[in-house]
Amino acid sequence: MHAHVDLGSVTVALLGPRRLTTTLRDTYQRAAAGVVEFDRPEDVSSRSLSGVGYAVIAVPETTDSADALDGADVWRGALATAGAALPVSVERVAERTRGSITLVGGGPGDPGLITAAGLHALAHADVIYADRLAPAVTDELAPGVRVVPVGKRPGHHPVPQSEIQTQMIEAALAGETVVRFKGGDPFVFGRGGEELLACREAGVDVHVIPGITSAVAVPENAGIPVTFRELSRSFTVVSGHDPLDENELEHLAGLSRSGATIVLLMGMATLPQTVSGLARHGLAGETPLAVLEKGFSPEERSTYTTLATAVVDAAAAGCASPAVTVIGPVVHALADGARPGSGVPASEMPTSDAPVSAASNGDTPDAGTPDPGREARS
Ligand SMILES: C[S@@+](CC[C@H](N)C(=O)[O-])C[C@H]1O[C@@H](n2cnc3c(N)ncnc32)[C@H](O)[C@@H]1O
């Protein structure tokens, strides 16, 4: 088809292997056509063709004429079986031999915090496999892009990790430009490393675009700097997905006593084990602790407490995943100043001897014992 043709509101059915139809899709969409794609003749039916005004059968440019006709006949047969009397053309298409996969870090939830490189990758994707905590973006996407939600919730993984990898690798091998869109940074508890290895093993071109990690951005948004001169000159990011063992707890307590900030991700379900373990290994009960839920969303909320009172306060507040927990004196580092983000105003912040819970942000505390659930790994 010539790219200058304007197809207006016609919907075109593109019939053929995905590695061919993805190339045609771009051309037809530039001509303002609606596009539906079929890569299996058995999917062609009067229902799936509803609203279609024109069909294009894609055959590889390199195929000789007889094979091209044979290939096209299969699709003509499928159209006939579906009772579709459509104008049909056959187009020879250069095969996209190799697709690619780009792991894109989406940042902590605000679309404004996706990097420019990440947005560029999203805008050029044929298919996007999106995690639950990746920011919602629509305006930036190419028309016709397929968005496949593969997000996990605590205890609920509708698309298993191995299946996500299989699907995206198959799409890339079929010539598609694939984006794997993740919350935060792909390499911070995001399974980006293992996905990258799987892509390499399958011989697929793979790239990574970093994202802003929630481990730093969510505290920052709530007015907590993870380092602060004279209070903390290091920070440690820990996964609380599984309970920490005694060695880890002892090590963390030691780090914290020497001034390190502890940042816990996926730590709600294991908070009782974590705080009691840190206390057992000598961390002071009055050590400040903040639970920062759903950062960068309208429901974001900050609960300030201490190591000793964290379990009771988090339960009373009904704290739940996703949340970042910060332990250390930096929690109060900016207490006397203006607090950026929409956390609790400094003037309303509790001190460690007057811990609060949901009341700190005006929410009604949940009287029941919450079951925040184990947090899902990406
Ligand atoms: C599987 S980890 C992924 C971390 C991600 N790769 C990153 O760099 O931020 C998911 C955990 O990150 C934290 N998290 C991510 N986004 C968050 C947000 N907007 N607010 C609070 N916690 C968040 C929570 O601890 C959540 O359970």
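In this predicted model, the side chain of Thr306 places a polar atom 3.4 Å from the backbone oxygen of Gly285. Thr306 belongs to strand E13 and has a relative accessibility of 2%; because the cut-off for burial is 20%, the residue counts as buried. Between the C-alpha atoms of Thr306 and Val331, the distance is 9.9 Å, at a sequence separation of 25 residues.

The burial of Thr306 is shared by the strand in which it lies. Strand E13 covers residues 301-306, and six of the six are buried, so the strand is largely enclosed by the rest of the structure. In a regular strand, side chains alternate between the two faces of the sheet. In E13, Arg301, Thr303 and Thr305 point one way, Ser302, Tyr304 and Thr306 point the other way, and the residues of both sets are all buried. E13 runs antiparallel to strand E12 (residues 288-293), to which it is joined by six bridges. Within this pairing, Thr305 of E13 has Leu289 opposite it.

E12 and E13 form one end of an open sheet of five strands, ordered E10-E11-E14-E12-E13 and mixed in its pairing. Strand E10 (235-239) and E13 occupy the edges; each has a single partner strand, so one side of each lacks a neighbour in the sheet. On average, neighbouring strands of this sheet are turned by 20° against each other, direction ignored. For E13, the edge position is thus found together with burial of six of its six residues. At the other edge, E10 runs parallel to strand E11 (residues 261-265), and five bridges join the two. Thr236 and Ile262 of E11 stand opposite each other in this pairing.

Two helices are associated with the sheet. Helix H6 (residues 214-221) lies across E10, E11, E12 and strand E14 (323-327), and its direction is at about 80° to that of E14. Helix H9 (residues 310-317) also packs on the sheet, where it touches E12 and E13, and its direction makes about 155° with that of E13. The buried residues of H6 are Ala215, Ala217, Val218, Pro219 and Asn221, and their cover includes E10, E11, E12 and E14. Just after H6, Gly223 adopts a positive phi of about 85°.

Thr261, in strand E11, has a relative accessibility of 1% and counts as buried. Leaving aside residues up to four places away in sequence, Thr261 is in contact with Val226, Ser232, Ser234, Phe235, Thr236, Val326, Ile327 and Val330.

The largest nonpolar core comprises 21 residues, and those with the most contacts inside it are Leu278, Leu289, Leu307 and Ile327. The elements giving two or more residues to this core are helix H7 (246-257), E11, helix H8 (271-280), E12, H9 and E14. For Leu289, the contacts beyond four places in sequence are with Val275, Thr303, Tyr304, Thr305, Thr306, Leu307, Ala310, Thr325, Val326, Ile327 and Val331. Another core lies apart from the largest one and has 17 residues, among them Ile101, Tyr129, Val150 and Ile164.

Ile101, one of the residues of this other core, is also one of the buried residues of strand E5. E5 (residues 100-105) is mostly covered, with six of its six residues buried. Its two faces are both covered: Ser100, Thr102 and Val104 are buried on one side, and Ile101, Leu103 and Gly105 are buried on the other. E5 pairs with strand E8 (residues 177-182) in the parallel sense over six bridges, and it is joined to strand E9 (residues 205-209), also in parallel, by five bridges. Leu103 takes part in both pairings: Arg180 stands opposite it in E8, and Val208 is its bridge partner in E9.

The cysteines were also examined. Cys199 is buried, with a relative accessible area of 0%, and Cys319 is likewise buried, at 1%. The structure holds zero disulfides.

Note on methods
Residues are numbered from 1 along each chain as its sequence is written. This is a predicted model: local features need pLDDT of at least 70, side-chain atom pairs count only at pLDDT 80 or more; totals for chains, interfaces and linings use all residues. Side-chain values use heavy atoms; hydrogens and water are left out. A disulfide is a pair of cysteine sulfur atoms within 2.5 Å. Buried means under 20% relative accessible area, exposed over 50%, partly exposed in between (1.4 Å probe, protein chains only). Helices (H or I, at least four residues) and strands (E, at least two) are DSSP runs, numbered from the N terminus. Two strands pair if DSSP finds at least two bridges between them. A polar contact is a pair of N or O atoms within 3.5 Å; within protein, one must be able to donate a hydrogen and the other to accept it, and residues adjacent in sequence count only if both atoms are side-chain atoms. Axes are lines fitted to C-alpha atoms, for helices over the stretch in contact, and angles run from 0 to 180 degrees between N-to-C directions. Contact means heavy atoms within 4.5 Å. A nonpolar core is a set of buried Ala, Val, Leu, Ile, Met, Phe, Trp, Tyr and Cys residues joined through side-chain atoms within 4.5 Å.
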